[in-house]
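Student: I would like a close look at a single part of this model. Please choose one chain and take me through how its pieces fit together and how it meets its neighbour.

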Amino acid sequence: MSETYLTTSNLLGLAGDLLTAGTQVIAPAQDAEPLVGPPQSGPRVAYRVIRKPEEMALEAGMPANSLKEFFLPSTEPLLKWRYQKNDVELKEVETTFQPRVVLGARPCDSAALEILDRVMGWDYRDELWFGRREATTVVNLACPGEDDLCFCTTVGSGPDSVRGADMLLVPSGDGYFVEVLTPKGEALVTAHRERFSQVEKGRAEAEQFRKEAKAKVDRNLNASPERIAGWLAGHFEHPFWDKLALQCHGCGACAAVCPTCHCFDIVDEPEGVLGGTRRRNWDTCQTSKFTVHASGHNPRTNQNVRFRQRIMHKFFIYPERFEQVLCTGCGRCARVCPGGMDLLDVLAELEELAGTEATPSKGAA
Amino acid sequence: MNIYQPHLARVEELVEETPDTRTLRLTFKDPRVAEQFTFKAGQFAEYSVFGAGECTFCIASPPTRRDYVECSFKTVGKVTTALRGVNVGDTIGLRGPYGNWFPLDQMSGKNVVFIAGGIGLAPVRCVIWNVLDEREKYKDVTIIYGARSVSDLVYKRELEQWAGRSDVKLWQTVDPGGETPEWKGEIGFVPTIVEKAAPSAKDTFAVVCGPPIMIKFTLPVLQKLGFPDENIYTTLENRMKCGLGKCGRCNIGPVYVCKDGPVFTAAQLKALPAEY
Amino acid sequence: MQELQELAKKLLSEGRVQVVIGYEAGAHGVRPAFVTDAADCGRLIFDPRCVHNLAVYLSPRRSPVKRLGKPAVVVKGCDAKAVAGLLRESQIKRDDVVLIGVRCSGVLADPRSGATLTGETVADKCILCDLHEPTLVDHLVGELRPPLPDMPRVSRRDLMLERISAMSPAERWAFWQAEFSRCTRCYACRQTCPLCFCEQCVADKSQPQWLETSPHPRGNLAWHVIRAMHLAGRCVDCGECERACPAEIPLGLLYRKVAQIVEARFKHRPTEDPEVPSPIGKYSLDDEQEFIL
């Protein structure tokens with residue numbers, strides 16, 4: 001790991017160099033027309049592929065989407081087929097990708113990439129995921145802490161976390177104090193050596209920024225994922241679940257904005273009479289359709305148990321399987337939920353239960 | 001080849017098992033795949049009808065027969081309806097095998113009791129033929145099979161073959177009211193017939209497959225007969241998409257049915273939340 | 001507020017309902033509340049953050065809510081129209097629910113907002129509101145506050161629609177393509193809609209597959225157009241779909257446009273009178289039919 005410095009204007013320059021060289025650049029950007037959004041919502045900040053360095057809006061607030069869609073798109077082809085008499089011709093999809101750089105990733109978004117590497121790589125390796133992972137250099141920007149719904153520090157990340165990142169920028173002075181973390185990060189610096197400068201000052205300032213951000217986020221939620229996982233392991237059945245999700249609408253808004261929700265559907269879509277595309281699409285355990293069998297039997301009968309699955313998968317199943325909490329504490333789910341479901345509240349309640357009820361109840365998994 | 005890419009397979013033969021159940025015999029189009037494709041009894045695959053999608057069934061033929069792969073399916077949803085439309089000579093897709101399998105090495109040298117209901121005979125049939133193809137490795141083989149009615153019994157030709165074998169004890173039954181005047185088998189629900197057949201639990205493994213209600217009432221009978229939960233095996237069918245432990249659909253508590261299953265012991269099932 | 005809490009307490013303690021569906025202040029803004037214990041009625045509030053349309057919880061597909069027993073639900077004028085829709089379309093019976101009307105002079109667009117209610121922060125639906133005091137109710141509580149002095153005269157949506165109408169077809173197409181491109185088919189629009197009560201949505205059917213479920217331009221266009229058609233003359237303009245959309249697609253524009261067309265053609269506006277049929281539910285010889293070939 002090495003250290004270097006990048007001025008604000010050199011960051012813009014770096015983006016420009018990359019774009020000129022034909023590298024795809026993904027960054028938080030502020031969308032004006034034609035992306036108007038609801039008339040009241042103001043400009044939308046979201047990660048997207050930028051065409052000009054000036055489109056970057058690194059300090060405009062948390063992007064509405066997560067980085068997930070650039071690695072697991074909301075829809076993507078898995079293969080194409082074409083019928084020829086009795087035969088079928090299959091066309092494979094490309095699993096190697098052009099190099100690209102994410103500039104200004106939030107640490108809660110890069111962390112998700114590292115977390116999801118586990119499920120995408122265990123036993124069967126998802127080449128579409130890893131193809132994109134390998135092609136992408138992720139440059140994090142330390143976050144000042146967005147609002148009172150951030151809880152990254154509770155789930156093993158932090159506003160300056162480097163999980164899933166190749167480089168970390170920490171605001172300092174007229175630019176960024178830079179930590180180069182991986183060979184991919186080194187390669188980026190080497191290729192654009194002239195943009196980076198020696199660290200002369202700013203280390204203390206960066207340190208201060210990190211400390212303040214952590215303190216800000218730390219205030220939001222006091223819970224221990226380990227303790228909660230322990231409680232969840234023994235309490236698949238518990239009155240807590242029975243009224244948990246009364247206000248939940250069973251939509252997939254939380255999963256759509258979640259950096260770690262990765263469940264998907266696979267569908268065939270004919271195009272014309274003979275051919276078509278098999279696609280993988282985002283899906284979510286929050287819909288009633290998710291688990292329904294062709295026979296009509298549905299093992300998850302109502303929204304309470306579907307929401308339980310969401311909590312279980314993130315805070316018990318995934319940690320049990322992959323030693324990571326399937327949550328980066330970005331708080332987006334609570335920000336978008338139309339029914340006011342609040343993951344911070346749920347975790348705080350679970351923390352309390354875990355503190356008071358140590359013994360497993362009936363139906364323990 | 002990426003993990004979602006199926007092999008192409010030709011439909012060689014199709015058998016109408018019941019008015020809504022069919023068996024397909026498939027061979028791989030690519031000879032190298034045919035050469036390399038191996039699996040174990042109990043594993044499943046994803047079958048594609050291009051344009052309709054993929055569906056999940058166990059491989060119904062035994063691994064001891066290497067020339068083909070068979071699957072049996074009931075027409076219920078979109079893909080199985082499309083699968084019903086395929087004819088001999090048509091091409092479908094198959095990827096797999098996935099999941100775990102029945103522990104045949106443990107069963108070797110022991111008695112095996114097979115208990116199945118309806119289309120639940122498909123995964124069991126795979127094990128039955130595997131055992132019968134290596135008959136000398138096992139002691140007593142008992143098969144208890146039932147369906148709602150005579151016309152709902154699947155693998156009728158094979159039931160006749162098993163009935164004719166002296167090294168197999170076969171009990172066939174149909175639910176009360178499902179019999180025909182010619183019916184010579186038992187009349188009664190599967191758990192009742194298990195009680196009547198009363199296989200000895202000593203040195204015996206049970207393989208149970210069928211509708212949830214049948215399993216629910218069969219397990220206590222086996223328990224009464226002295227079968228420990230660890231010696232009772234079944235397979236779970238959950239809705240799956242990827243079969244690869246990624247898409248998140250088949251979770252039951254901490255279990256990925258596609259990876260940790262589909263074969264479970266009754267002991268394992270009892271530890272799972274009732275979400276299947 | 002006290003009036004509301006007292007009423008809820010009375011309804012619960014007298015056993016006239018088993019649950020009061022209202023609003024409470026959570027740690028991060030106002031959210032729906034399900035109060036089943038008379039002693040808990042102090043949780044209930046009504047203030048300008050109470051933007052949610054709680055009529056959606058009366059939908060027959062909400063089994064965990066249904067299991068709580070007979071509900072009383074807090075409704076604003078716009079929400080009462082949604083209840084009327086459920087009654088009109090035989091999804092609920094009037095006697096199966098107690099309606100607690102609240103006088104409302106406008107709510108904020110965002111229930112998590114701490115902003116004061118002004119012409120700037122008021123939800124767009126409130127600019128068009130013609131029903132500050134619901135009448136389809138069993139009880140009416142609260143006070144009507146004076147109209148906002150700076151309440152805009154024209155809704156922002158109508159201003160946007162004027163701009164969109166002025167576009168060339170190609171521009172308009174590009175506009176909606178760009179907006180729909182963000183849709184991931186999470187169906188928050190459908191799930192929060194009190195009138196999207198179908199047991200099985202057309203989008204969830206696979207036999208036949210009426211529309212593609214993939215969030216690509218084809219599938220998304222099909223979904224949003226089909227939903228707009230299914231809500232023509234039925235949408236009560238509660239704005240929940242637009243508020244729910246995590247991709248910030250201006251769905252309100254779409255539904256407002258359809259409502260304008262329905263009004264122009266069928267002289268129909270959504271009302272809180274369940275006896276007035278929606279255009280889809282009636283036939284008149286005077287209906288315009290020049291589009292029938």
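Tutor: Here is a walk through chain C, going from its inside to its outer contact.

A word on the ground rules before we start. This is a predicted model, in which local features need pLDDT of at least 70 and side-chain atom pairs count only at pLDDT 80 or more, while totals for chains, interfaces and linings use all residues. Residues are numbered from 1 along each chain as its sequence is written, chains are lettered from A and ligands numbered from 1 in the order in which they are written, and side-chain values use heavy atoms, with hydrogens and water left out.

Let's begin with the domains. Chain C is divided into domain 1 (2-141) and domain 2 (156-281), with bounds that come from an automatic or database domain assignment. Taken over C-alpha atoms, the centres of these two domains of chain C are 24 Å apart. In the contact between them (heavy atoms within 4.5 Å), domain 1 of chain C takes part with 35 residues and domain 2 of chain C with 29.

Now for the surface they cover. The two domains of chain C bury about 2,500 Å² between them, and 48% of that lies on carbon and sulfur atoms. On the domain 1 side of chain C, R61(C), R88(C) and D124(C) supply 27% of the area buried against domain 2, more than any other three residues. Buried area here is the accessible area (1.4 Å probe) that two parts lose on being put together, summed over both.

Charged and polar pairs cross this interface too. Four salt bridges are found between domain 1 and domain 2 of chain C, each being a side-chain nitrogen of Lys or Arg within 4 Å of a carboxyl oxygen of Asp or Glu. E89(C) makes a salt bridge with R234(C), and their closest N and O atoms are 2.7 Å apart. The rule also finds 15 residue pairs in polar contact across the interface of domain 1 and domain 2 of chain C, both residues at pLDDT 80 or more. On the side of domain 1 of chain C that touches domain 2, helix 3 (77-88) and helix 4 (124-127) each supply at least two residues. Helix 3 of chain C has the largest share of that side, with nine residues.

A polar contact is a pair of N or O atoms within 3.5 Å; within protein, one must be able to donate a hydrogen and the other to accept it, and residues adjacent in sequence count only if both atoms are side-chain atoms. Helices (H or I, at least four residues) and strands (E, at least two) are DSSP runs, numbered from the N terminus.

Now step outward to chain A. The contact takes 52 residues from chain C and 47 from chain A. Together the two chains bury about 3,900 Å², 54% of it on carbon and sulfur atoms. In chain C, H28(C), R112(C) and E248(C) lose the most area to chain A, together 16% of what that side buries.

There are four salt bridges between chain C and chain A. In one of them, the side chains of R31(C) and D345(A) meet at 2.6 Å, N to O. Polar contacts link 17 residue pairs across the interface of chain C and chain A, both residues at pLDDT 80 or more. The elements of chain C that give two or more residues to the side touching chain A include strand 2 (29-35), helix 5 (156-165) and helix 6 (169-180). Helix 5 of chain C gives the most to that side, with four residues.
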